[in-house]
Amino acid sequence: MLGSLTIHQPATVAEAAKLRAELGDDGAIYAGGSELLLVMKEGIGRWRHLIDVKGIAALRELRDAGDRLDIGATVTHRDLERSPLLRARFPVLADMQAQVANVRVRNVGTLGGNLCFAEPHSDPSTALLVHDARVVLSGPTGARTLPLAEFVVGSYETALRADEVLVRIEVPAPPARAVGAYLKFGFHERPTVGVAALIVPAGDRIAEARVSVGCIGPTPARLAALEARLAGTSVTALAAGIDARDGGFADLDVVSDLHGSAEYKREVAAVLASRALAAAARRVRSAA
Ligand SMILES: Cc1cc2nc3c(=O)[nH]c(=O)nc-3n(C[C@H](O)[C@H](O)[C@H](O)COP(=O)(O)OP(=O)(O)OC[C@H]3O[C@@H](n4cnc5c(N)ncnc54)[C@H](O)[C@@H]3O)c2cc1C
């Protein structure tokens, strides 16, 4: 049972932030509601006021900002999956969005809601990490921008302040010729492991590689050791598949849970990383 509720429908981000400040622990931001309403129905959280941010035009914008993509916090997974702009310029993100949950959840669930809820078994934060994405937060004292890596700080934990609203996600355009892939694996409703890879080729050499892994610990992480090892290596060798197991997985904070032991997750993550990199390398060769 949800009990009696007051729904507020601010027209601007400033109004929403003001409501957050005024309502304190009694109010929660309500976007698609796919996480929030579950939490309330299961009695895990209780708020008497919901601040419905779906009517705020600025939060619904999906914009090509030249050297970056701006995704408003309430743009849904489904809008992103189907966006011609995303498909053309950020195909790894479009592919990842198409793999989130099921079409019913994707239709209502928003990117901002996904990031603010910070459920560790989440796809977007992993894929956004290889794009060096940033978040723009707004509160009564103004706006601030944070790298996504500093926004998601733990399981269900973000750097969002109690009077702030997530306004948009800024995704810098990847370097020219960059190609990538996002792969996930799981047998529950939410993913057990997600891996994103992006490589920048220079002929048959890899000028730059970015790899991130998510779902296996409290926060997604870039694999700096693997990225460093790949720089300068051959695209052809990568396409054939590499053993990624010594790529820094041992240093990650990995949690044993219903999805499996930490050891198992490290192993699956290494296999997925190798496959995602091979898929990206094959794309380089087919584009040549
Ligand atoms: C059956 C099921 C399967 C799923 N499978 C997957 C999956 O495979 N991969 C995956 O990544 N995710 C999965 N999810 C999670 C899904 O992606 C999220 O539920 C969804 O994106 C959350 O968005 P929302 O708009 O519904 O958030 P809401 O439920 O509205 O909000 C979630 C939280 O974020 C806060 N919030 C929302 N917007 C803002 C904002 N702009 N500023 C500040 N705070 C805000 C809310 O107060 C709340 O605390 C699954 C969910 C379900 C129910």
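**Notebook: cavities, a pocket and strand β5**

**Entry 1. The second largest cavity.** I listed the residues that line the second largest cavity and found I71, L80, L86, L93, M96, Q97, L111 and L128. The model I am reading is predicted. I then looked up the volume of this cavity, which is about 40 Å³. Sorting its lining by residue type, I counted seven nonpolar residues, one polar and no charged. I also asked which helix gives the most to this lining. The entry is helix α5, residues 91–98, with three residues.

**Entry 2. The largest cavity.** I next checked how many cavities of 30 Å³ or more the structure holds, and the number is two. The largest cavity has a volume of about 70 Å³. Its lining consists of 15 residues, and I noted E119, S122, S125, V152 and P220 as those that lie nearest its centre. Two elements, α7 (111–117) and α8 (124–129), are the ones that give two or more residues to this lining. By type, I recorded seven nonpolar residues, seven polar and one charged in the lining of the largest cavity.

**Entry 3. Domains.** To place the largest cavity, I consulted the domain assignment of the protein, which gives domain 1 (6–52), domain 2 (57–172) and domain 3 (179–287). From which domains does the lining of the largest cavity draw at least three residues each? I found that domain 2 and domain 3 each supply at least three. I also looked up the separation of domain 1 and domain 3: their centres, taken over C-alpha atoms, are 37 Å apart.

**Entry 4. The second largest pocket.** I turned from cavities to pockets. The second largest pocket holds about 190 Å³ of space. It is lined by 15 residues, and R89, F90, P91, P174 and A178 lie nearest its centre. The elements that give two or more residues to this lining are α4 (84–89), α5 and β11 (179–185). Of these, α5 gives the most, with three residues. I had already met α5 in Entry 1, where it gives three residues to the lining of the second largest cavity. The pocket lining divides into 10 nonpolar residues, two polar and three charged. Why does the second largest pocket lie between domain 2 and domain 3? I concluded that it does so because both domains give residues to its lining.

**Entry 5. Strand β5.** I71, listed in Entry 1 as a lining residue of the second largest cavity, led me to strand β5, which spans residues 68–72. Is this strand largely enclosed or largely open? Four of its five residues are buried, so I recorded β5 as largely enclosed by the rest of the structure. A residue is called buried here when its relative accessible area is under 20%.

**Entry 6. Partners of β5.** I then traced which strands pair with β5. Strand β4 (residues 62–64) pairs with β5 in the antiparallel sense over three bridges. Within this pairing I located R63, which stands opposite D70 in β5. The hairpin of β4 and β5 has three residues between the strands, and in that hairpin G66 takes a positive phi near 80 degrees. Strand β10 (residues 165–172) also runs antiparallel to β5, and five bridges join the two. Here I found L69 opposite V171 in β10. I closed the entry with the two partners side by side: β4 is joined to β5 over three bridges, and β10 is joined to β5 by five.

Methods: Residues are numbered from 1 along each chain as its sequence is written. This is a predicted model: local features need pLDDT of at least 70, side-chain atom pairs count only at pLDDT 80 or more; totals for chains, interfaces and linings use all residues. Side-chain values use heavy atoms; hydrogens and water are left out. On a 1 Å grid over the protein atoms alone, a cavity is a set of points where a 1.4 Å probe fits but cannot get out, and a pocket is an open set with protein on both sides within 12 Å along at least five of seven lines; lining residues have an atom within 4 Å of a point. Grid points are joined across faces, edges and corners, and a volume is the space filled by probe spheres set on the points. Ala, Val, Leu, Ile, Met, Phe, Trp, Tyr, Cys and Pro count as nonpolar, Asp, Glu, Lys and Arg as charged, and the others, Gly among them, as polar. Domain bounds come from an automatic or database domain assignment. Buried means under 20% relative accessible area, exposed over 50%, partly exposed in between (1.4 Å probe, protein chains only). Two strands pair if DSSP finds at least two bridges between them.
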